[in-house]
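This report addresses the surroundings of a bound ligand and several individual residues in a protein model. Please consult the sequence and coordinates shown below while reading.

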Amino acid sequence: MSRRPLIAANWKMHKTTPEVRSFVSAFWPKVSAGTERDMLICPPFPYISTVDEARRDTRIFLGAQNMYFEEKGAFTGEVAPGMLKDLKCEYVIIGHSERRGIFGETDESINTKVHAAVKYGLIPILCVGEKKEERQKNLTEQIILRQLEKNLKDLPDTAFTNLVIAYEPIWAIGTGLNAEAKDAHDAIALIREFIHSKFGENSAENTRILYGGSVKPDNMKLYMSQKGIDGALVGGASLDPDSFAKLVNY
Ligand code: PGA
């Protein structure tokens, strides 16, 4: 089976209303590869509707960068999965290393969020990846497997018809130090093997696995030529419409 490539923009805490609008109007006409590839924008929460309005008549998908797992209640500052659905989001990034590292998200809470996303019909993009010290100590495989074990715990096989995992080595995020294509390939093969062994062949075949960490127009092709890499999760290089269009048109 063939998985559609997904090129996802994680805008993090960037952009204002006029910047969001001008991005979409500049980006969309440049995307010539649009019919074969999925492209996704994950803006900060306040701009989800702005992207939704701007993307009408395009094939751009919409996602959030995080969410809480509860349906509603006294959770000041949090956003519920049903709210993201209401705002027309199709995807949600879960467990980004900045959420884990800066905001103290645990493997257990990430697991609850993945379950909640699936329950509400949002496609989770679960992020996993090792720190620099962990790679230096040859712990990369162990860390990835531990994260997968905990973050995907108790998911039904049916969840894998629409699930995305992003392998993002933390030392490569925002540093310009992108992973070697072979290392990205090997980590992604490990992730697919894990899914195969735990959730079956169909689940492994259906899951799109992305690489993320200093992806730029000049290294995108290298990643996309690796077997099993189904796309990219991009921070810095997704902020500029020219550069994001180059990534989609790789
Ligand atoms: P980067 O970020 O492309 O700026 O390295 C990737 C990410 O954090 O998802």
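The following text treats the ligand site, a strand residue, the cysteines, two loop residues and a helix residue in turn.

**Ligand site**

The model is predicted. There are 13 residues around the ligand, and those that come nearest are K12, H96, E168, G174 and S214. By residue class, the shell around the ligand consists of four nonpolar, seven polar and two charged residues.

Which parts of H96, S214 and G236 face an oxygen atom of the ligand, and at what distance? The table lists these polar contacts.

| Residue | Protein atom | Distance to a ligand oxygen atom |
|---|---|---|
| H96 | side-chain N or O atom | 2.7 Å |
| S214 | backbone N or O atom | 2.7 Å |
| G236 | polar backbone atom | 2.8 Å |

On its own the ligand has 280 Å² of accessible area, of which the protein covers 97%. H96 thus enters the picture with its side chain, whereas S214 contributes a backbone atom, as does G236.

**L210 in strand β7**

L210 belongs to strand β7, which spans residues 208–212. Is L210 buried or exposed? Its relative accessibility is 0%, so L210 counts as buried. Beyond its neighbours within four places in sequence, L210 is in contact with L6 and I188, with V164, I165, A166 and Y167, and with D230, G231, A232 and L233. Residue D57, by comparison, is separated from L210 by 153 residues in sequence and by 26 Å in space, taken from C-alpha to C-alpha.

**Cysteines**

How many disulfides does the structure hold? The number is zero. For C42, the nearest cysteine sulfur is that of C89, 7.8 Å away, and C42 is in no disulfide. The cut-off for a disulfide is a pair of cysteine sulfur atoms within 2.5 Å. C42 has a relative accessible area of 0% and is therefore buried. C127 is likewise in no disulfide, its nearest cysteine sulfur being that of C42 at 9.4 Å. With a relative accessible area of 2%, C127 is buried.

**Two loop residues with positive phi**

K15 is not a glycine, yet its phi is positive, at about 90°. The residue is located in the loop that connects β1 (6–10) and α1 (17–27). Its relative accessible area is 18%, and K15 is therefore buried; the limit for this class is under 20%.

D154 is also a residue other than glycine with a positive phi, here near 65°. D154 is placed in the loop between α7 (140–151) and β6 (164–167). Is D154 buried or exposed? Because its relative accessibility is 63%, D154 counts as exposed, the limit for that class being over 50%.

**T140 in helix α7**

T140 is part of helix α7. Its relative accessible area of 12% means that T140 is buried. Which residues does T140 touch, not counting those up to four places away in sequence? They are E130, E134, R135 and Y167. Y167 also appears among the contacts of L210.

Key. Residues numbered from 1 in each chain as written. Predicted model: local features only at pLDDT ≥ 70, side-chain atom pairs only at ≥ 80, totals over all residues. Heavy atoms only, no water. Near = heavy atom within 4 Å. Polar contact = N/O pair within 3.5 Å; in protein donor to acceptor, adjacent residues only side chain to side chain. Areas by Shrake-Rupley, 256 points an atom, 1.4 Å probe, with all protein chains shown as cover. Nonpolar A, V, L, I, M, F, W, Y, C, P; charged D, E, K, R; others polar. Helix = DSSP H or I, 4+ residues; strand = E, 2+ residues; numbered from the N terminus. Buried < 20%, exposed > 50% of the residue type's maximum accessible area, 1.4 Å probe, protein only. Contact = heavy atoms within 4.5 Å.
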